[in-house]
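This briefing goes through a structure in three parts: a ligand and its surroundings, two helices, and one residue in a further helix. Please keep the sequence and the 3D view open while reading.

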Amino acid sequence: MARREQTFICQTCGAASGRWQGKCDACGEWNTIAEESSATARPPMPGRAPRKGRPFTLEPLTGDHNDAPRLACSIAEFDRVTGGGFVRGSVLLLGGDPGIGKSTLLIQVTATLARAGHRAVYISGEEAVAQVRLRAERLGLADAPVELASETSVEDILATLGDRKVPRLLIIDSIQTMWTDAVDSAPGTVTQVRASAQALIRYAKRSGTAIILVGHVTKDGQIAGPRVVEHMVDAVLSFEGEGSHHFRILRAVKNRFGPTDEIGVFDMTGEGLREVANPSELFLSERDLGSPGTAVFAGIEGTRPLLVEIQALVAPTSLGTPRRAVVGWDQSRLSMVLAVLEAHCGVRLSGHDVYLNVAGGLRIQEPAADLAAAAALVSSLAHAPLPPDAVYFGEISLSGAVRPVAQAAARLKEAKKLGFGRAIIPEAARSEGDSSLTLEGVGALSKLVADIAARGTRPQHSDRRPADED
Ligand code: TYD
Ligand code: MG
């Protein structure tokens, strides 16, 4: 009798190997390899010829393309991230930590679409129908004509939906709970997740239904298991937020039909997720005015200007290697700014721990934040509060020069709108602003450092030990 073939598959990247090992050779992760029965390369049925290919028609590039008709869900912050609504037949993966609010967001989206008269189906593999109902009731959505089920078998789901009156939107919450008969691995394994996603994607392309797959995220930020799924879907959205904060940020990590730099901002309230149309107000609402180490950065997220506070703490270290901790910004960017401060501005930080934090749980990717980060760092070191009505932006080059950044006018306009009176910006950007703000151009970082130190109560060249200080 033929022995059942066993393979070992990395649950993170999906690489297969012939034996169990502690570390995956392909992605380098530890303890991710699990035994699964071989699903690939099924031997042909005895007595039956292998299937011949079926010829199909090749199409020209021009022609009918259905104009990617989009279905906007009229939750503006959600539509902004998808690029203007769901494209027919597209599949979206929504990742996020457990409890962040994925199910809440999606029941709101589904209910809004259903109320607008579209067929919307919500399949929960994690919660019972009663639980989903309870949530919908709490959110005041119980009257929306959403079609609901608690199911985990992909075949059953697709058989139920049928090919005739197909839904416009189908939610699968979550892909990790789905399983298909096509493979015989256990539910939740990479093979099952991949095969289930494949079946659902095929259905979406065939029927034109837009599908949202929910995916859990592991503690290190990867969408658990189905990293493989990320390559199969049209868009990957991630829903983020700090545990202690009520802001939630929806971000496109990948999007075949729209931008990837737009964010949607929500506020988690007792009545579900509320859209935040003006996030700058939200991110600046908890400002600690007049204390050293904070600077307001005038940033751009996608097409929208966004003001956010950058907080720094520079404190004498008791460690041999000083600590460099950063939340919401790039660690290597911080190292670069610190190196430029040391090399070109005479700011010695080798005896100090440095902590940098972007307020409100936002994650900034723009190099334009360099100047605001540097200002916050020097302000903390020199004990010099920055002017409370000032915003900062500008990229710092390795030579210590402050370089102009894109969309200066939009940044300045937002600062003006929120009542700021002055902007400390690259020298070259001064011509772009209108006259209603006081613009202070900075050509070199050393000038900014000197200006801040002049306001301070402590010399910034200090390299003293804690004992010398008050
Ligand atoms: P949920 O959508 O179940 O998260 P996920 O699907 O990502 O695991 O959200 C659960 C959390 O949201 C829970 O901690 C309670 C909170 N919540 C509110 O604060 N307000 C609400 O109206 C709802 C429905 C949930
Ligand atoms: Mg959930």
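Three elements, α2 (102–115), α3 (129–138) and β13 (263–269), each supply at least two residues of the shell around ligand 1. The model shown here is a predicted one. The points below begin with the ligand, then turn to the helices.

**Ligand 1 and its shell**

- Among α2, α3 and β13, the largest share of the shell comes from α2, with three residues.
- There are 16 residues around ligand 1, and those that come nearest are Gly99, Lys102, Ser103, Thr104 and Thr269.
- By residue type, the shell divides into seven polar, five charged and four nonpolar residues.
- Ser103 places a polar side-chain atom 2.6 Å from an oxygen atom of ligand 1.
- Thr269 has a backbone N or O atom 2.8 Å from a nitrogen atom of ligand 1.
- Gly272 also has a backbone N or O atom 2.8 Å from the ligand, but here the partner is an oxygen atom of ligand 1.
- Ligand 1 taken alone exposes 550 Å², and the protein buries 72% of that.

**Helix α8**

- Helix α8 covers residues 331–345, which makes 15 residues.
- From its first C-alpha to its last, α8 reaches 20 Å, close to the 21 Å expected at 1.5 Å a residue.
- Which residues of α8 are buried? They are Leu334, Met336, Val337, Leu338, Val340, Leu341 and Cys345.
- The cover over these buried residues includes the strands β17 (324–327), β18 (352–358) and β20 (395–396). It also includes the helices α9 (370–381) and α11 (445–455).
- After α8 comes Gly346, with a positive phi near 70°.

**Helix α5**

- Helix α5 (residues 190–207) has 18 residues, so at 1.5 Å a residue it should span 26 Å. The C-alpha atoms at its ends are 25 Å apart, which agrees.
- Helix α5 is mostly covered, with 13 of its 18 residues buried.
- Gly208 follows α5, and its phi is positive, near 90°.

**Glu414 in helix α10**

- Glu414 has its place in helix α10, which runs over residues 408–417.
- Is Glu414 buried or exposed? Its relative accessibility is 6%, and buried means under 20%, so Glu414 counts as buried.
- Apart from neighbours within four places in sequence, Glu414 is in contact with Asn278, Ser280, Pro305 and Leu307.

Conventions. Residues are numbered from 1 along each chain as its sequence is written. Chains are lettered from A and ligands numbered from 1 in the order in which they are written. This is a predicted model: local features need pLDDT of at least 70, side-chain atom pairs count only at pLDDT 80 or more; totals for chains, interfaces and linings use all residues. Side-chain values use heavy atoms; hydrogens and water are left out. A residue is near a molecule or strand if one of its heavy atoms lies within 4 Å of it. A polar contact is a pair of N or O atoms within 3.5 Å; within protein, one must be able to donate a hydrogen and the other to accept it, and residues adjacent in sequence count only if both atoms are side-chain atoms. Accessible areas come from the Shrake-Rupley method with a 1.4 Å probe; for residues, only the protein chains shown count as cover. Helices (H or I, at least four residues) and strands (E, at least two) are DSSP runs, numbered from the N terminus. Ala, Val, Leu, Ile, Met, Phe, Trp, Tyr, Cys and Pro count as nonpolar, Asp, Glu, Lys and Arg as charged, and the others, Gly among them, as polar. The expected span of a helix is 1.5 Å times one less than its number of residues. Buried means under 20% relative accessible area, exposed over 50%, partly exposed in between (1.4 Å probe, protein chains only). Contact means heavy atoms within 4.5 Å.
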